[in-house]
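Student: I would like to go through this structure step by step. Please show it to me before we begin.

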Amino acid sequence: MIRVMVVDDHKMVREGLTRLIEYDEEIRVVDEAGDGLECIHKIRSAKPDVILLDINMPEADGIGTLKELNRRKYRPKILILTVHNEIEYLMKVLDLGVDGYILKDSSSKELIRAIRFVYEGERFIQPSLIPLLNSKLIARDLDQEKIDSLTNRELEVLKLAALGHFNKDIASILSITERTVKNHLSSVFQKIDCTDRTQAAIFCIRNGVVRVHE
C-alpha cells in the first residue's frame, strides 16, 4: 500500500485528489494539509510514503516546505502538483531534490503513474516539459563552461561589475588600476558572450554568480 499525503490550500482540491487517487486500490491518502506548516506538523504521525505538494500556499509554500523536509531525517518522496508550467519553477525544485513534478491539468491516470514512479524511486517529470527542460539544462551547462573559463581575478571583477560598481570602485576594492579593470572586463565579456555590463549582470544573476539582494 502506497501512503500519500495531499498538501494543497484548497479543501475542494484536496477532496477531489483524494477521490481520484483512491480509485487505485493500492494507494491510500493517509492525511491532508492546507499549507506547509500543517504538513510539517502532521508528517510524523501520518508517515506518508509520498507527499503530493502544491507550490503556491499561504503560511509556508511548497518550495519552503521542500527545503524544510530536506533538513529532516524522515523525508518522504515529494511529488509537486502545480499549475506552474514555467521551466524556472521546475528547475528550482529539481535543484532542491524533488522526486517528481506534474501539472494539475494532467489526467488521473497520469497522476497515479507519477505517484507510483516516485514511490519506486524513479524521478517523474511532466512529459510536456521535458524538451524545454533538456534545452535549459544544456544552456546551463554551457554557461557553467563559460564561468569555468574565467580566471579568479576575472570572476572577482565580474561579480563587482554585476553588483553595480564602477571601474574606479572595482580598482580601489581590488587594489588594481582602472586600465587593468577595463582589460579584465573586455576579456570577461568575450568569454561569457556579453557586450555590456547589463548583459553581464543578467548572466550573473541567472547563474547564481551574484544574488539580487546583494
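Tutor: What follows is a set of questions on the sheet, the helices and one loop residue. The model is predicted, so local features need pLDDT of at least 70 and side-chain atom pairs count only at pLDDT 80 or more, while totals for chains, interfaces and linings use all residues. Residues are numbered from 1 along each chain as its sequence is written, and side-chain values use heavy atoms, with hydrogens and water left out.

Student: Which strands stand at the edges of the open sheet?

Tutor: Helices (H or I, at least four residues) and strands (E, at least two) are DSSP runs, numbered from the N terminus. Two strands pair if DSSP finds at least two bridges between them. The six strands of the open sheet have the order E2-E1-E3-E4-E5-E6, with parallel pairing. Each edge strand has a single partner, so one side of it is left without a neighbour in the sheet; these strands are E2 (27–33) and E6 (124–125).

Student: Which residue in E4 is the bridge partner of Leu-53?

Tutor: Strand E3 (residues 50–53) and strand E4 (residues 77–82) run parallel and are joined by four bridges. In E4, the partner of Leu-53 is Ile-80.

Student: How are H7 and H9 oriented to each other, roughly parallel or roughly perpendicular?

Tutor: Axes are lines fitted to C-alpha atoms, for helices over the stretch in contact (heavy atoms within 4.5 Å). Angles run from 0 to 180 degrees between N-to-C directions; under 35 counts as roughly parallel, over 145 as roughly antiparallel, 65 to 115 as roughly perpendicular and the rest as oblique. Helix H7 (residues 152–162) and helix H9 (residues 178–191) pack at about 90 degrees, with axes 9 Å apart. H7 and H9 are therefore roughly perpendicular.

Student: Which residues of H8 are exposed?

Tutor: Buried means under 20% relative accessible area, exposed over 50% and partly exposed in between (1.4 Å probe, protein chains only). In helix H8 (residues 167–174), the buried residues are Asn-167, Ile-170, Ala-171 and Leu-174. These buried residues pack against H7, H9 and helix H10 (197–206). On the other side of H8, the exposed residues are Lys-168 and Ser-172.

Student: Does Ala-60 count as buried or exposed?

Tutor: Ala-60 is in the loop between E3 and H3. Leaving aside neighbours within four places in sequence, Ala-60 is in contact with Asp-35, Gly-36, Leu-37 and Thr-65. Because its relative accessibility is 15%, Ala-60 counts as buried.
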